[in-house]
Amino acid sequence: PERMAREVLTGTHTAVCPAWPVSCADCGVECPRSELGVHRSGCPLVPVECKQCKALVPRSAIASHVNTDCPAAAVACSGCGQHLPRAELEAHRSACTPTTPNP
């Protein structure tokens, strides 16, 4: 009975202990439970929402996503200079009347 009580207490304690090591669900780094929030606030693999298209992208890849992949990011047409969402660029180019030479 005493051993069982100790095991139950230990299990309960480890579930809430601020010093108990826990792993980040996104990158696997182990840190004390009390520091997990701080770790996650800067973890490069935590998904963050793209402000343009609302997609979830790892924090470390958000700049690249916006610069090269995001369908809602504004890009300039190389023909006329108009800024429009990346997803609309191809259709725009087919109807665009260039005001400057295409590079």
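Asp26 is partly exposed in this predicted model, with a relative accessible area of 28%, and its side chain meets that of Arg40 in a salt bridge with an N to O distance of 2.4 Å. Because Asp26 lies in the loop between strand 1 (21–23) and strand 2 (30–32) whereas Arg40 lies in helix 2, the pair ties together parts of the protein that are 14 residues apart in sequence. Arg40, at 31% relative accessibility, likewise counts as partly exposed. The structure holds one salt bridge. Side chains of opposite charge can pair when their charged atoms come close.

Both partners of this salt bridge also touch Val46, whose contacts, not counting residues up to four places away in sequence, are Asp26, Arg40, Val57, Pro58 and Arg59. Val46 is found in the loop between helix 2 (36–42) and strand 3 (47–49), and with a relative accessible area of 7% this residue is buried. Between Val46 and Leu56, which are 10 residues apart in sequence, the C-alpha to C-alpha distance is 9.2 Å.

Val46 is also a member of the largest nonpolar core, which has six residues, the others being Val22, Cys24, Cys31, Leu36 and Cys43. Within this set, Cys24 touches Leu36 and Cys43, and its contacts further include Val29, His39 and Arg40, again leaving aside residues up to four places away in sequence. Another core, of five residues, lies apart from the largest one, and among its members are Val75, Cys77, Leu84 and Cys96.

Although several cysteines appear in these cores, including Cys24, Cys31 and Cys43 in the largest, the structure holds zero disulfides. Cys27 is in no disulfide, and the nearest cysteine sulfur, which belongs to Cys43, is 3.7 Å away; Cys27 itself counts as partly exposed, at 28% relative accessibility. In the case of Cys77, the closest cysteine sulfur is that of Cys96, and the separation of 3.6 Å is too far for a bond, because a disulfide would require the two sulfur atoms to be within 2.5 Å. Cys77 counts as buried, at 4% relative accessibility.

Cys77 is further contacted by His92, a residue that also touches Cys80, Gln82 and Leu84 when residues up to four places away in sequence are not counted. His92 is found in helix 4 (residues 86–95) and is buried, its relative accessible area being 17%. Two of its contacts, Cys77 and Leu84, are among the residues of the five-residue core. In helix 1 (residues 2–16), Thr14 counts as buried at 16% relative accessibility, and its contacts, not counting residues up to four places away in sequence, are Trp20 and Arg33.

Lys54, by contrast, is exposed, with a relative accessible area of 51%. Its place is in the loop between strand 3 and strand 4 (56–58), and the residue has a positive phi of about 75 degrees although it is not a glycine. Most residues other than glycine have a negative phi.

At the level of the whole protein, there are four helices and six strands, and read along the sequence these follow the pattern α-β-β-α-β-β-α-β-β-α. Buried residues make up 20% of the 103 residues, and the protein exposes about 7200 Å², of which carbon and sulfur atoms supply 59%. Among contacts between residues at least 6 apart in sequence, 2% join residues at least 24 apart.

The protein averages a pLDDT of 89, and 85% of the residues score at least 70. Confidence is lowest in helix 1, where the mean is 67, and highest in strand 4, where it reaches 98.

Key: Residues numbered from 1 in each chain as written. Predicted model: local features only at pLDDT ≥ 70, side-chain atom pairs only at ≥ 80, totals over all residues. Heavy atoms only, no water. Helix = DSSP H or I, 4+ residues; strand = E, 2+ residues; numbered from the N terminus. Buried < 20%, exposed > 50% of the residue type's maximum accessible area, 1.4 Å probe, protein only. Contact = heavy atoms within 4.5 Å. Core = buried A, V, L, I, M, F, W, Y, C linked by side-chain atoms within 4.5 Å. Salt bridge = Lys/Arg side-chain N within 4 Å of Asp/Glu carboxyl O. Areas by Shrake-Rupley, 256 points an atom, 1.4 Å probe, with all protein chains shown as cover. pLDDT = per-residue confidence, 0-100.
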